[in-house]
Amino acid sequence: LETRLRHPPSSAEGAETMRMTKLTAAIRRTSEVLRMELPSYRAEQTWRHVQSVARHCVESDWAPFEEAAAAGPSREAARKVQRLLQHSLAAVTAEAKRQRIRAWKRGCRREARKAYGATRAR
């Protein structure tokens with residue numbers, strides 16, 4: 001069974017959530033290319049959309065992503081791009097989590113009562 005990727009929650013979130021949403025959509029598109037009959041017009045269009053996500057990848061993945069995406073829609077390229085996108089998604093998600101925790105800690109330092117209430121409520 002394939003685990004289904006969903007869009008990350010986006011209520012009251014920042015720019016990182018948009019990046020996560022774009023990367024998640026691109027991962028789903030690469031899995032579509034893996035299931036498609038190649039070559040085809042639909043595969044070309046889907047691959048074009050996958051290529052547009054390059055700017056949302058982590059900087060260390062830009063060059064390998066561009067290289068793999070330039071090869072065109074093939075199963076091998078789709079697998080490689082999918083791995084790079086998953087790596088970028090994990091990195092962006094981890095950074096967003098760190099930023100949320102830092103913001104929470106800053107708020108707790110500002111107000112001691114808030115810190116006590118937050119820990120007490122759990």
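**An all-helical chain and its helix 4**

In this predicted model, the protein chain comes to five helices and zero strands. Read from the N terminus, the order of elements is simply α-α-α-α-α. The chain has 122 residues, and 34% of them count as buried. On the outside, about 8,600 Å² is exposed, with carbon and sulfur atoms supplying 52% of that area. As for how the chain folds back on itself, take the contacts with a separation of 6 or more: 58% of these come from residues 24 or more positions apart.

Helix 2 is a good place to start on the interior. This element spans residues 41-51, and its buried residues are Ala43, Gln45, Thr46, Trp47 and Val50. What lies over them? The cover includes helix 1 (15-35), helix 3 (62-70) and helix 4. Just ahead of helix 2 there is a backbone detail to look at: the peptide bond running from Leu38 to Pro39 is cis, and its omega is near -15°. Pro39 itself sits in the loop that links helix 1 and helix 2.

Val81 ties several of these pieces together. This residue belongs to helix 4 and is buried, since its relative accessible area is 0%, below the 20% cut-off for burial. Leaving out residues up to four places away in sequence, Val81 touches Thr30, Trp47, Val50, Phe65, Ala68 and Ala69. Two of these partners, Trp47 and Val50, have already come up among the buried residues of helix 2. Spacing between C-alpha atoms adds to the picture around Val81. Gln51 is 30 residues away from Val81 in sequence, yet the two C-alpha atoms are 9.3 Å apart. Glu66, for its part, is 15 residues from Val81 along the chain and 8.9 Å from it in space, again C-alpha to C-alpha.

Glu66 is a residue of helix 3. Is Glu66 buried or partly exposed? With 44% relative accessibility, Glu66 counts as partly exposed. So the pair joins a partly exposed residue, Glu66, to a buried one, Val81. A further pairing across the sequence involves Gln86, which is also part of helix 4. Gln86 and Ile27 are separated by 59 residues in sequence, but by 7.1 Å in space from C-alpha to C-alpha. Gln86 falls into the partly exposed class because its relative accessibility is 40%.

Charged side chains come next. Side chains that carry opposite charges can pair when their charged atoms come close. How many salt bridges does the model hold? The count comes to one. It is formed by the side chains of Arg98 and Glu95, with 2.8 Å from N to O. Both residues lie in helix 4, three positions apart, which means that about one helical turn separates them. Neither partner is buried: Arg98 is partly exposed, at 42% relative accessibility, and Glu95 is partly exposed too, at 24%.

Farther along the chain, charge shows up at the surface in another form. Arg102, Lys105, Arg106, Arg109 and Arg110 make up a positive surface patch. One of its members, Arg106, is found in helix 4, the element that runs over residues 75-110. Arg106 has a relative accessibility of 45% and therefore counts as partly exposed. Helix 4 thus shows several faces in this model: it holds the buried Val81, the salt-bridged pair Arg98 and Glu95, and Arg106 of the positive patch.

Technical notes:
Residues are numbered from 1 along each chain as its sequence is written. This is a predicted model: local features need pLDDT of at least 70, side-chain atom pairs count only at pLDDT 80 or more; totals for chains, interfaces and linings use all residues. Side-chain values use heavy atoms; hydrogens and water are left out. Patches are made of residues with over 30% relative accessible area and no salt bridge: like charges are joined within 9 Å, nonpolar side chains (Val, Leu, Ile, Met, Phe, Trp, Tyr) within 5 Å. Accessible areas come from the Shrake-Rupley method with a 1.4 Å probe; for residues, only the protein chains shown count as cover. A salt bridge is a side-chain nitrogen of Lys or Arg within 4 Å of a carboxyl oxygen of Asp or Glu. Lys and Arg count as positive and Asp and Glu as negative; His and the chain ends are not counted. The place of a charge is taken as NZ of Lys, CZ of Arg, CG of Asp or CD of Glu. Helices (H or I, at least four residues) and strands (E, at least two) are DSSP runs, numbered from the N terminus. Buried means under 20% relative accessible area, exposed over 50%, partly exposed in between (1.4 Å probe, protein chains only). Contact means heavy atoms within 4.5 Å.
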